[in-house]
Amino acid sequence: MRTLARRLLGSQEAGLVLVVAVVTVTLTLLAGSHVDRRTGELINNFWNSNTLIQTATDASFFAIMAIGATVVIIAGGIDLSVGSIYALAGVAMALLVRAAGPMDPVTTVLLGLGISAGVGLLCGLLNGALVVGLGVHPFIVTLGTMWMLRGIAFVVSRAESILVPQPLTAVAKAPLGLGGGLYPVPMLVMLAVTMVGVLYLTRTVMGRHVFAFGGSLEASRFAGLPLNRIQIGVFVVSGLTAGLAAFLGASFYGSASSGDAQGYELYVIAAAVVGGASLSGGKGSALGATLGALLIVLIRQSIRTLHLDQNYEWIVIGCAIIVAVVVDQWSTRAAARRFSRTAALSKSAA
Amino acid sequence: MAEPAVRFEGISKRFPGALALSDVSLAIEAGSCHALCGENGAGKSTLGKILAGIHAPDAGRLFLRGREVRFAGPRDALAAGVGMVHQELAFCGNISVAENLCLGALPARAGWVAWREVERRAIAMLEEIGADLDVRRPLGELTIAQQQLVQIAAAVGGGARIIVFDEPTSSLSQVEAERLYELIRRLKRRGVTCIYVSHRMPEIFGLCDTVSVLRDGRHVATRPTAGLSEAELVGLMIGRPLAEYFPRHLEAAAGEEVLRVEHLSCPGKFEDVSFSLRAGEVVGLAGLVGAGRSEVARALFGLERGVRGRILVDGRPVRIASPRHAIRLGIGLVPEDRKRQGLVLTESGLHNTSLPILRRLARLAWIRRARERRLAAEYFQRLRVRAPGLDAPIASLSGGNQQKIVLARWLAARSRILILDEPTRGVDVGAKAEIHALVDQLAAQGTAVLLISSELPEIIALSGRILVLRAGRLVGEVPRALATQDRLLALMAGVDAAVVAAEAGVGSAGDRDVPGDRRRTGNRAGDG
């Protein structure tokens with residue numbers, strides 16, 4: 001138990017966990033409370049199941065994408081097209097499932113999931129293939145596909161909002177026994193994807209290849225790694241998470257349009273970076289990405305809960321991103337110093 | 001006695017990962033040439049950089065001619081008369097020589113740069129040290145030797161009376177190095193105090209009056225070079241006497257032929273190279289830098305495009321299209337640029353060791369981490385890697401330990417053909433001996449080794465026979481019994497050994513532009 005605690009405290013994400021906890025506690029203390037009209041109980045304005053799950057739900061859609069984006073960023077790239085992939089995957093899912101006509105609910109859900117994930121995967125494949133095939137920097141390629149893919153979504157949807165069949169919404173909004181207008185599914189999917197992301201990055205061959213690729217392309221070449229496969233792979237992962245987020249988002253809100261997730265790419269990258277991913281590659285974590293997304297949403301939520309002027313939201317978020325990254329750099333440096341001390345100790349002991 | 005030009009008093013400096021200097025006190029006589037020597041990581045460069053204002057000491061005091069000084073940066077140091085010449089590019093590579101020389105004080109009229117004045121000043125500064133360079137060329141296009149001339153001109157032109165040379169010949173050819181020595185002697189005659197950071201014996205003994213030895217960040221001794229022997233100095237540097245040995249792998253006959261190269265060519269890089277390599281054999285590959293040694297290694301590792309000719313591994317013809325393919329065939333390459341090509345510096349020693357064999361360590365895609373750690377621990381121990389643990393960031397380890405990890409990687413991958421490209425470059429004396437012993441041991445156990453090195457003594461000591469490349473062509477094969485430095489050098493340069501020696505003595509620094517031929521002699525000054 002003690003070693004577990006020490007591992008948590010020593011881990012890369014420890015600082016971020018602390019910040020999230022501090023913001024949560026502060027918000028709870030400052031939020032004030034109201035009396036529930038039905039039960040007569042005193043309820044904290046922030047620390048109540050409704051607000052908490054709502055906050056987690058808000059975070060979940062782009063936290064899922066931020067995990068994919070983190071994989072790309074660890075590999076030294078960037079994916080600006082995730083918002084557009086989300087829109088295209090959502091629109092394609094809604095259109096195709098509707099076109100397929102009424103089916104039993106299970107088939108509908110599987111078909112919807114297959115379509116949105118498939119579209120996301122294909123878009124990621126396109127990004128990866130363009131980066132590898134043309135030898136153009138991911139920033140440029142995904143800047144291009146960002147507009148292309150949203151344009152395709154715009155054309156195929158004829159700029160209309162398309163309703164998503166009911167069975168899909170039923171899944172995304174399944175109460176899972178909670179009731180009372182609480183919808184925990186997006187939050188649970190976010191947690192599941194985070195776990196898969198953590199395992200993928202730290203325990204699989206592909207994940208470790210991604211770190212090496214982003215840490216040094218040249219050294220990875222000399223170590224015989226399949227460079228093109230890694231490069232394409234990270235964009236596929238990113239596309240896939242965008243497709244999954246689209247399935248969840250479109251189902252949850254009941255409709256899909258080409259304007260969905262506009263500007264999400266920046267939230268997603270912000271979450272990844274706040275979560276400790278380094279844009280120069282070789283560093284980042286899936287848990288960090290989720291915590292980063294949570295932190296951004298918490299800050300947004302705090303403006304609402306504390307009845308601050310909503311017009312300041314962007315300014316606050318912008319500052320928070322810079323502060324978070326600077327704090328992360330400090331703690332990394334502090335960790336390096338800690339390490340150097342133990343290194344010096346072990347040296348003198350030897 | 002006169003006030004010393006420089007006096008360090010109780011200097012300490014800590015970097016993340018290491019205590020670089022610990023309570024160093026020493027004095028440097030005015031007008032002398034004073035060597036700072038020691039193994040890599042001994043702190044000699046750090047001491048030089050503290051004097052030049054690049055690092056600030058954590059503790060201790062620095063005196064120039066008896067007056068205490070504190071430098072906030074290299075500019076303060078230069079203002080106080082201390083300049084520094086670095087191993088590699090220290091200025092902006094993308095702007096012209098003239099601009100670099102006037103950087104910080106660009107002459108201007110009403111806010112517009114007076115270009116003609118910039119060039120005039122730059123030419124004057126270069127003339128001051130007897131160098132003649134095209135001041136309009138971007139600095140990055142010059143050879144490293146020429147860039148050093150620019151650094152020296154900047155230091156002298158900036159009024160430096162003390163100049164720190166930080167291993168200035170590590171990237172120079174013999175001829176270029178000789179010119180630099182001549183220039184340093186001239187500077188000394190003009191009363192400039194030279195501090196020469198190096199671990200090369202001939203330089204220390206040929207150039208310097210006094211030598212201070214650092215070991216593990218501590219000042220061990222300061223001695224006049226006259227009356228000191230090389231063996232004594234090496235003993236001071238490594239703290240124990242150095243043993244010579246005869247490679248054990250030569251006791252057994254070489255085994256089966258594992259690699260055969262026939263008429264291998266790569267346009268513009270090398271032409272018609274043929275040789276064979278047997279199990280249990282160490283074959284040296286010598287040549288000047290640019291002769292195509294590394295390119296042959298790269299071709300064998302699937303890193304060159306457009307390779308023609310035949311390669312046979314275990315008697316079977318193969319086309320090696322990628323490093324992956326090469327690794328599958330049992331080939332391992334320790335590349336020449338450890339930091340860029342050999343290691344992923346953001347990762348741990350463990351991860352760097354297992355990188356090429358993750359698939360083998362995994363079940364499906366899932367890495368069996370216990371197995372990975374066991375394997376790495378085994379090779380860390382066998383190669384005596386000194387690290388605080390398997391998870392220590394590779395960037396925190398010394399050059400020698402980093403190189404051992406690159407080697408460990410190929411041992412773990414069970415490579416049967418090892419290509420070592422400058423395996424001991426930037427490795428300290430102790431680790432170097434360990435790596436030599438390891439190469440010998442591997443060969444004795446049946447690994448075939450192709451050894452590329454610019455240090456002829458290293459090649460001669462380890463190899464059973466030596467192939468010599470000149471301008472991309474194989475020009476000779478010298479058996480161990482006949483291998484001498486002179487003979488190899490003559491083959492490498494394509495002239496009589498006598499002529500090589502004569503030419504090295506001729507050009508005094510900067511009388512003329514260094515020839516456009518960027519090839520540098522592999523025999524780096526001073527490793528002999």
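Two residues are in contact here when they have heavy atoms within 4.5 Å of each other. On that basis, the contact between the two chains of this predicted model takes 38 residues from chain B and 26 residues from chain A. The points below cover that interface, the make-up of chain B, and several local features of chain A, among them aromatic pairs.

**Interface between the chains**

- Chain B and chain A bury about 2,800 Å² between them, and 63% of that area lies on carbon and sulfur atoms.
- On the chain B side, the residues that lose the most area to chain A are B:R324, B:L355 and B:W366, which together account for 19% of what that side buries.

**Chain B**

- Chain B has 19 helices and 24 strands, and 55% of its 528 residues count as buried.
- Among the contacts in chain B with a separation of 6 or more, 67% are accounted for by residues 24 or more positions apart.
- The domain assignment divides chain B into domain 1 (6–238), domain 2 (255–330 + 415–494) and domain 3 (342–413).
- Taken over C-alpha atoms, the centres of domain 1 of chain B and domain 3 of chain B are separated by 37 Å.
- B:R7 lies over the face of B:F63, at 4.4 Å from the ring centre.

**Aromatic pairs and a charge over a ring in chain A**

- Over all chains, the structure holds ten aromatic pairs. One of them is formed by A:Y183 and A:F252, whose ring centres are 6.0 Å apart and whose planes meet at 85°, so the pair is edge-to-face.
- Because A:Y183 lies in the loop between helix 7 (166–172) and helix 8 (185–203) of chain A, whereas A:F252 lies in helix 11 (residues 227–253) of chain A, this pair ties together parts that are 69 residues apart in sequence.
- A:Y183 has 29% relative accessibility and therefore counts as partly exposed, while A:F252, at 8%, counts as buried.
- A:Y264 and A:Y267 also form an edge-to-face aromatic pair, with 6.5 Å centre to centre and 70° between the planes.
- Both A:Y264 and A:Y267 belong to helix 12 (residues 264–274) of chain A, where they are three residues apart, about one turn of the helix; A:Y264 counts as partly exposed because its relative accessibility is 21%.
- Ring pairs link A:F61, A:Y183, A:F252 and A:Y253 into a cluster, and A:K173 lies over the face of A:F252, at 5.1 Å from the ring centre.

**Helix 2 of chain A**

- Helix 2 of chain A (residues 14–31) has 18 residues, and at 1.5 Å a residue it should span 26 Å; the end C-alpha atoms are 25 Å apart, which agrees with that expectation.
- The buried residues of helix 2 of chain A are A:A14, A:L16, A:V20, A:T24, A:L27, A:T28 and A:A31.
- An α-helix has 3.6 residues a turn, so residues three or four places apart point the same way.
- Just after helix 2 of chain A, A:G32 takes a positive phi of about 75°.

**Surroundings of A:Q301**

- A:Q301 is placed in helix 13 (residues 286–305) of chain A and, because its relative accessibility is 9%, it counts as buried.
- Leaving aside neighbours within four places in sequence, A:Q301 is in contact with A:F46, A:T51 and A:T55.
- The C-alpha atoms of A:Q301 and A:D58 are separated by 9.5 Å, although these residues are 243 residues apart along the chain.

Definitions and conventions
Residues numbered from 1 in each chain as written. Chains lettered and ligands numbered in written order. Predicted model: local features only at pLDDT ≥ 70, side-chain atom pairs only at ≥ 80, totals over all residues. Heavy atoms only, no water. Helix = DSSP H or I, 4+ residues; strand = E, 2+ residues; numbered from the N terminus. Expected span 1.5 Å × (residues − 1). Buried < 20%, exposed > 50% of the residue type's maximum accessible area, 1.4 Å probe, protein only. Domains from an automatic or database assignment. Phe/Tyr/Trp six-rings, centres within 6.5 Å; stacked < 30°, edge-to-face > 60°. Lys NZ or Arg CZ within 6 Å of the ring centre and 35° of its normal. Buried area = accessible area lost by both parts, 1.4 Å probe.
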